[in-house]
Amino acid sequence: MKLIDCIEAQAARLVKAGVAFGHGTTNAFDEAAWLVLWKLGLPLDSLGDHEEDLLDAAQLAGIEALVDERIRTRKPAAYLTREAWLQGVPFYVDERAIVPRSFIAELIAEATIDPWLSDSTTRALDLCTGNGSLAILAAMAWPDLQVDAIDLSEDALAVARINVDRHGLAGRIRLLQGDALAPAQGPYDLILCNPPYVNSQSMAALPAEYRAEPELALAGGSDGMDFVRKLFATAPAQMNARAVLVLEIGNEREFFEAAFPRLEVAWMECSAGEDQVLLVTREALLAGLN
């Protein structure tokens, strides 16, 4: 069987099984291609060079077994391959941390945040760092930046340590354990945060693939804003006068605006639209929450 035919066959199996996507892919073909290429030890961007390759019985059996595991366990593919990609950068991941997929990564890569920064932007914080991906992408994008990365989960920080060391950034990224901003050592010029923001009704309806991730990284309370309220109350004390905070809230804009009706924010455009990520200044936080 040709490699491309194998991918199409496995994609059909994923569709028939009703698996959910959203952890690096959005459809069955891309998910099947990821699993097949990874199992064959081929680069994930090399399909065009290998789609006519013929696979032997042993290769087909290995692929079948991997897709069987994906269907049976409902674990995201990233947990099976132990790798996820964000803006073309590879990251180690396992069940101790959420699979990285933040739209903030797009804003970093596309320099969307840059107009809000200056030559004096030297200290940043990645709050709820998970596997450390945003801290690492920020350090790569802004070479003069020193980054603190905070997470409540010691398990997640162990995964982050693997990635920080893998990308040779231990000298510029400091990992701190604690709840919200409690361990912060500001003031910072930039705060990035992809917090738990899923409201309780949505949490109850999540597919099994999302329930395979640490609930701590997803659940945001009845309206999804529990962590955000805590963050906004304490963030100004950890921000320089011209600092900005970039926050991802997923599909919770309605709840966000209900919770913070007087807060002036800038909505940042990304591939998912203009209501997933916002930017707020320290000045706006002080004015809009008092």
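Biologist: Let's start with F227: is this residue buried or exposed?
Modeller: Keep in mind that this is a predicted model. The relative accessibility of F227 comes to 12%. Buried means under 20%, so at 12% F227 counts as buried.

Biologist: And which helix does F227 lie in?
Modeller: Look along the chain to residues 226-234. That stretch is a helix, and F227 lies in it. The name to look for is α11.

Biologist: Which residues does F227 contact, leaving aside neighbours within four places in sequence?
Modeller: A contact here takes heavy atoms within 4.5 Å. Two cysteines, C128 and C193, are on the list for F227. Put together, the contacts are L127, C128, A180, C193, P195 and P196.

Biologist: How far is F227 from I150, C-alpha to C-alpha?
Modeller: Along the chain, F227 and I150 are 77 residues apart. In space, their C-alpha atoms are separated by 14 Å.

Biologist: Back to those cysteines: how many disulfides does a search of the whole structure find?
Modeller: A disulfide needs two cysteine sulfur atoms within 2.5 Å. For C128, the nearest cysteine sulfur is that of C193, 4.1 Å away, and C128 is in no disulfide. C193 is in no disulfide either, with the sulfur of C128 as its nearest. For the whole structure, the number found is zero.

Biologist: What is the relative accessible area of C193?
Modeller: C193 is one of the residues that F227 contacts. C193 is buried, and its relative accessible area is 0%.

Biologist: Let's step back: how many helices and strands does the chain have?
Modeller: Both kinds of secondary structure are present in the chain. The count comes to 13 helices and nine strands.

Biologist: What is the radius of gyration of the chain?
Modeller: For 290 residues, the globule rule gives 19 Å. The chain's own value is close to that, so it is as compact as a globular protein of that length. The C-alpha atoms fill a box of roughly 65 × 40 × 30 Å along the principal axes. The radius of gyration itself is 20 Å.

Biologist: Among contacts between residues at least 6 apart in sequence, what share joins residues at least 24 apart?
Modeller: L176 and D148 give one example of a contact between residues far along the chain from each other. Across the chain, the share that joins residues at least 24 apart is 69%.

Biologist: Which residues of helix α7 are buried?
Modeller: Helix α7 covers residues 133-141, nine in total. Seven of them are buried, so the helix is largely enclosed by the rest of the structure. The buried ones are S133, L134, A135, I136, L137, A138 and A139.

Biologist: Now A78: which residues is it in contact with, leaving aside neighbours within four places in sequence?
Modeller: A78 has its place in helix α5, residues 77-81. With a relative accessible area of 0%, A78 is buried. Its contacts are W34, E83, A84, V93 and V99.

Biologist: What about L176: which residues does it touch, not counting those up to four places away?
Modeller: L176 is found in strand β5. At 11% relative accessibility, L176 counts as buried. The residues it touches are D148, A149, I150, D151, L157, P183 and Q185.

Biologist: Where along the backbone is the peptide bond from G186 to P187, and what is its omega near?
Modeller: Most peptide bonds are trans. The bond from G186 to P187 is cis. P187 is found in the loop between β5 and β6, and omega of the bond is near 10°.

Biologist: What is phi of R82 near?
Modeller: Most residues other than glycine have a negative phi. R82 is in the loop between α5 and β1 and counts as partly exposed at 33% relative accessibility. Its phi is positive although R82 is not a glycine, with a value near 65°.

Biologist: And what is phi of A111?
Modeller: A111 lies in the loop between α6 and β3. It is partly exposed, with a relative accessible area of 35%. A111 is not a glycine, yet its phi is positive, at about 60°.

Definitions and conventions. Residues numbered from 1 in each chain as written. Predicted model: local features only at pLDDT ≥ 70, side-chain atom pairs only at ≥ 80, totals over all residues. Heavy atoms only, no water. Helix = DSSP H or I, 4+ residues; strand = E, 2+ residues; numbered from the N terminus. Rg over C-alpha atoms; globule rule 2.2 N^0.38 Å. Buried < 20%, exposed > 50% of the residue type's maximum accessible area, 1.4 Å probe, protein only.
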